[in-house]
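Let's take a walk through this structure together, one part at a time. Keep the 3D view open as you read.

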Amino acid sequence: MTSAHDASRRRFLQVLGGAGGALIVGLPAFAWNPDELLGQNPVRLNPYVRIEPDGTTVIGSRDPEVGQGIRTAEARILAEALDADWDKVIVEPLDLGVTTVGGEPHWTLGHQMAAGSTSIPAAWNDLPAVGAAARELLVRAAAERWKTTSANLRTSRGVVIAADGRRLGYGGLAQAASKLKPAATRPRPKLPSEYVLIGQDAGDVDARDIVTGTQHFAIDEWLGDVLVAVITRCPYPGGRLARFDYAAASKLKGVEKVLTIPPPDPSRPPGTQPLTAGVAVLATDTWTALQGIAALEVEWQMEPHAAEGDAALAEAAAHALAGEPTTVVRTDGDFTATFEHAPRKFKAEYRIATVAHADLEPPSALVKIDHQHALVIAPVQNPRATFETVRRLTGLAPDKIEVRLPRAGGGFGRFLESDYVAEAVMLAKAVGKPIKLMWTRKDAFTHDLYRPFSVHAMQACADRHGALTGWSHRIASTSRLQEHEPRARWWLSEMHPDDLPAGLIDNLQYAWYALDSALPRGSYRASSHAVNAFATECFIDEVAHALKRDSLEFRLALLGESRQLPYRGHGGPVLDIGRLAWVLRLAADAIGWNQPHPHGHGFGLACHFTFGGYVAHAMEVSMEGRRLVIHKAVCAADLGRVVNPLGARAALMGATLDGLSTALRQRISLDKQGRIAQHGFEDYPLATMAQAPHAVEVILVPSEESPTGAFAMGFPSAAPALANAIFAGTTVRIHQMPIWPELMRLL
Amino acid sequence: MQQTPQNPPAAITPQPVRSGIDVVVNGEPFRHTGEPELPLIWYLRDVLRLTGCKYGCDDASCGACSVLVDGKLKLACTLTMQSLAGRRITTIEGLAGAHGELHPVQQAWIEEDAILCGYCQPGQIMAAVDLLTRKPHPSDKDIDGIGNLCRCGSYPRIRSAIKRASKVMRDKPR
């Protein structure tokens with residue numbers, strides 16, 4: 001396996017023939033040159049599919065793999081349409097597909113991004129046609145050889161089969177197939193009843209490389225003549241370099257250069273340039289560079305507009321919420337009048353701390369710029385944004401910039417940014433040598449684009465019969481769009497106008513209030529769904545309890561009968577109430593909601609619609625002394641048709657545990673000097689094996705709907721289900737994330 | 001590595017032996033002639049390019065650089081080369097057999113699909129190998145003792161993989 005794999009890798013870049021299956025599906029044509037047709041063995045049928053004489057089928061995977069399982073799922077979608085023999089499939093990551101047209105970049109491979117669980121819907125949309133196009137060529141090649149027509153032939157597991165039972169493997173047909181012109185009409189897509197791979201479990205295609213330690217992440221790459229760079233960065237957001245002395249550092253054997261990184265340009269969005277001013281030590285190896293950093297004497301100058309801690313932001317939020325909203329996001333009926341006259345009124349405020357991404361793989365970037373060519377190997381979720389950063393800093397033509405997409409050790413939004421790539425490009429340009437930029441764990445915690453702090457002011461009212469008549473959700477937060485967009489659009493990253501309970505309650509208002517912050521903010525798993533669902537789902541539980549209603553029955557009554565509501569955001573155009581109610585019921589049943597609860601055990605529920613996926617969580621917890629035990633965690637999900645159930649279960653299990661881990665103990669705070677106080681996992685505890693539930697019961701609803709992806713969906717409802725279970729078990733109502741310090745304070 | 005036979009030279013000029021720290025990594029002898037204070041993690045990653053030993057933190061809190069030293073679980077970030085003279089170090093790359101046959105723990109990881117992003121998994125596997133060496137039939141509480149961090153939330157599958165490997169190793173000792 002390994003040797004075949006290596007041989008495939010070596011030959012992957014050779015263009016040996018082909019026909020643009022991509023032409024058929026409206027993807028840009030793959031630029032191939034007949035002069036390069038070497039008449040050798042592996043045959044490239046289109047940008048994604050290459051077949052070797054022994055039938056080994058190399059499928060290129062275009063989206064960045066960050067642990068969401070896209071390499072496996074994407075290859076399964078394509079292999080299904082190709083009717084490939086999965087045992088002979090090798091999946092290789094594709095680079096960013098870009099050529100130059102009229103001096104501008106022209107993307108050649110369609111969707112290439114790991115964000116918002118969009119890769120699967122995009123792949124479902126165009127990759128079946130790519131696989132089917134390659135299959136059609138192979139079938140036609142067999143038809144020509146057997147002097148029959150394609151209609152008389154069928155395919156199964158990498159073999160073309162004639163009506164009389166004769167068989168030809170794809171490996172033997174690939175050369176002939178590559179010389180055919182692609183069909184003028186789009187091949188018939190497979191019917192779901194014909195699926196043999198989609199809907200079946202597949203283990204991660206990189207599993208063997210990972211368990212043998214041979215999987216290269218970006219941080220593991222190396223080039224000849226490379227200098228390792230480590231940077232000490234200004235600890236004060238917006239601060240400057242006051243003075244530095246590099247005499248001691250430059251005397252160290254192996255330290256080659258000390259360079260300064262200028263402070264960011266305030267007119268340009270963060271994430272496209274270095275986050276702060278810095279001093280870089282360039283050395284022959286990582287340890288020498290780290291020692292060089294330790295030997296530097298650097299003084300930083302604080303900016304007058306220092307970053308605010310969450311306490312100061314909370315004060316600012318209280319002030320903002322007392323005034324007029326920055327943006328009225330949604331108004332249905334008349335909430336104010338309804339609330340004023342309602343017989344039952346409820347109010348609560350939820351506060352959600354700033355958090356960091358804390359990917360296990362810290363940022364890094366390997367950059368080589370020479371002969372009018374740039375090579376970038378970094379953990380990237382948004383390769384086109386990385387590309388644009390490199391292009392701006394180098395001025396190179398688009399086709400001279402090569403962005404590789406190595407497997408990344410997490411992502412969660414951190415690698416959507418390219419600040420670390422910008423640093424490495426600036427250093428590589430300055431010294432004229434390849435640079436391997438390493439970030440330390442402390443760097444990763446102290447220089448992140450954090451999930452913003454927010455305060456959620458919730459109000460609701462009910463009529464005499466306990467039915468909700470009014471709902472108000474007002475958010476004060478520090479939008480991450482502040483540096484990118486005009487003020488009128490800042491709310492877009494913070495609130496979704498059609499999120500529930502909008503459409504369920506007649507008098508409803510959603511409003512957003514801007515807070516200012518000097519801390520850089522960025523995208524985070526499930527974006528604002530994660531924090532807004534916490535406030536909404538906890539408050540519903542709170543109201544149900546105040547009305548002496550069972551939380552499940554209250555939620556189901558609120559959702560009402562099955563119907564579709566319009567949904568304008570990502571995941572729309574509709575939100576199907578019935579699908580959400582169904583996963584809620586499934587989760588409640590699996591946790592034993594209507595069974596007798598063990599003494600002292602609290603049960604909690606929550607559900608949310610995220611990016612087109614319907615997910616509900618149910619938790620069973622108890623306190624053993626001052627230890628919180630999560631006895632059972634259930635995640636029920638309707639994600640449309642599931643391409644790889646094993647992978648989807650992993651994504652939902654992981655999202656559930658990450659949701660719990662983030663909610664329980666994670667918080668970024670500032671010290672008295674306005675610097676980030678968390679430097680490592682000791683200060684910023686991720687859940688450990690001992691703290692995680694032993695199992696997450698994942699229930700996948702069988703569905704014929706289009707697939708949605710899974711990575712973000714399992715995250716938002718985990719934390720509120722936990723908080724609601726804690727209330728049921730302890731009578732302590734949690735109004736904050738992180739939950740743990742608040743629980744310890746109130747118990 | 002095979003080398004073509006060479007004729008012996010006419011005269012031999014003796015070279016002073018380069019002094020250094022001798023270690024055995026995955027069964028192969030190496031002599032480290034650089035800084036004695038070099039931490040093992042950077043020796044493995046930057047010198048030997050055994051990058052399965054991952055960098056994850058600065059304070060020995062994540063476990064991503066877990067290796068075995070004389071069969072015992074250690075964090076490569078906490079050891080200097082001078083403390084390792086004469087020691088036998090096993091990294092994730094040295095766990096499989098000479099012909100690529102996987103260790104039962106590696107095989108169990110694949111069968112349970114305990115991967116997610118995969119960055120912490122080499123360290124998790126080394127910790128599991130160590131646990132199963134000390135406790136061939138670990139309880140859930142024993143498994144809880146593994147402190148390696150996973151941001152993605154693969155813990156339940158790691159737990160299942162350890163139990164699977166334990167059963168395989170019990171049924172078929174290596």
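The domain bounds used here come from an automatic or database domain assignment. With that in mind, and remembering that this is a predicted model, chain B is a good place to begin. Its assignment gives domain 1 (21-94) and domain 2 (104-171). The C-alpha centres of domain 1 of chain B and domain 2 of chain B are 21 Å apart. How many residues does each of the two domains bring to their contact? Domain 1 of chain B supplies twelve residues, and domain 2 of chain B supplies twelve residues. On the domain 1 side of chain B, the strand β3 (residues 66-69) gives the most, with three residues. By class, the side of domain 1 of chain B that touches domain 2 of chain B has seven nonpolar, four polar and one charged residues.

Now look at chain B as a whole. Five helices and five strands make up its secondary structure, and from the N terminus on they run β-β-α-β-β-β-α-α-α-α. Along the principal axes, the C-alpha atoms of chain B fill a box of roughly 65 × 35 × 25 Å. Of the 174 residues of chain B, 50% count as buried. Among the contacts in chain B with a separation of 6 or more, 63% are between residues 24 or more positions apart. As for confidence, chain B averages a pLDDT of 94, and 95% of the residues score at least 70. The model scores ipTM 0.93 and pTM 0.93.

Next comes the place where the two chains meet. The contact takes 46 residues from chain B and 51 residues from chain A. On the chain B side, α1 (40-47), α2 (104-111), α3 (121-134), α4 (140-144) and α5 (155-171) each supply at least two residues. The residues of chain B that touch chain A divide into 24 nonpolar, twelve polar and ten charged.

Crossing over to chain A, you will find three domains in the assignment: domain 1 (2-211), domain 2 (218-304 + 358-446) and domain 3 (324-355 + 450-746). The centres of domain 2 of chain A and domain 3 of chain A, taken over C-alpha atoms, are separated by 36 Å. In their contact, 18 residues of domain 2 of chain A meet 17 residues of domain 3 of chain A. The domain 2 side of chain A that touches domain 3 of chain A has eleven nonpolar, four polar and three charged residues.

One helix of chain A deserves a visit of its own. Helix α4 (residues 119-146) of chain A has 28 residues and reaches 39 Å from its first C-alpha to its last, close to the 40 Å expected at 1.5 Å a residue. Where does α4(A) bend? The bend, of about 40°, is at D126(A), and the proline P128(A) follows within four residues. Because 20 of the 28 residues of α4(A) are buried, this helix is largely enclosed by the rest of the structure. After α4(A) comes K147(A), whose phi is positive, near 55°.

Finally, zoom in on R414(A), in the loop between β19 (401-404) and α12 (419-431) of chain A. Is R414(A) buried or exposed? R414(A) counts as buried because it has 29 C-beta neighbours inside 10 Å, where 20 or more are needed. Leaving aside residues up to four places away in sequence, R414(A) touches H357(A), D359(A) and D448(A). The C-alpha atoms of R414(A) and P379(A) are separated by 9.4 Å, with the two residues 35 apart along the chain.

Terms used
Residues are numbered from 1 along each chain as its sequence is written. Chains are lettered from A and ligands numbered from 1 in the order in which they are written. This is a predicted model: local features need pLDDT of at least 70, side-chain atom pairs count only at pLDDT 80 or more; totals for chains, interfaces and linings use all residues. Two residues are in contact if their C-beta atoms, placed from the backbone, lie within 7 Å. Ala, Val, Leu, Ile, Met, Phe, Trp, Tyr, Cys and Pro count as nonpolar, Asp, Glu, Lys and Arg as charged, and the others, Gly among them, as polar. The expected span of a helix is 1.5 Å times one less than its number of residues. The bend at a residue is the angle between axes fitted to the seven residues ending there and the seven starting there. A residue is buried if 20 or more other C-beta atoms lie within 10 Å of its own, exposed if 12 or fewer, and partly exposed in between; C-beta atoms are placed from the backbone. pLDDT is the predictor's confidence in each residue, from 0 to 100.
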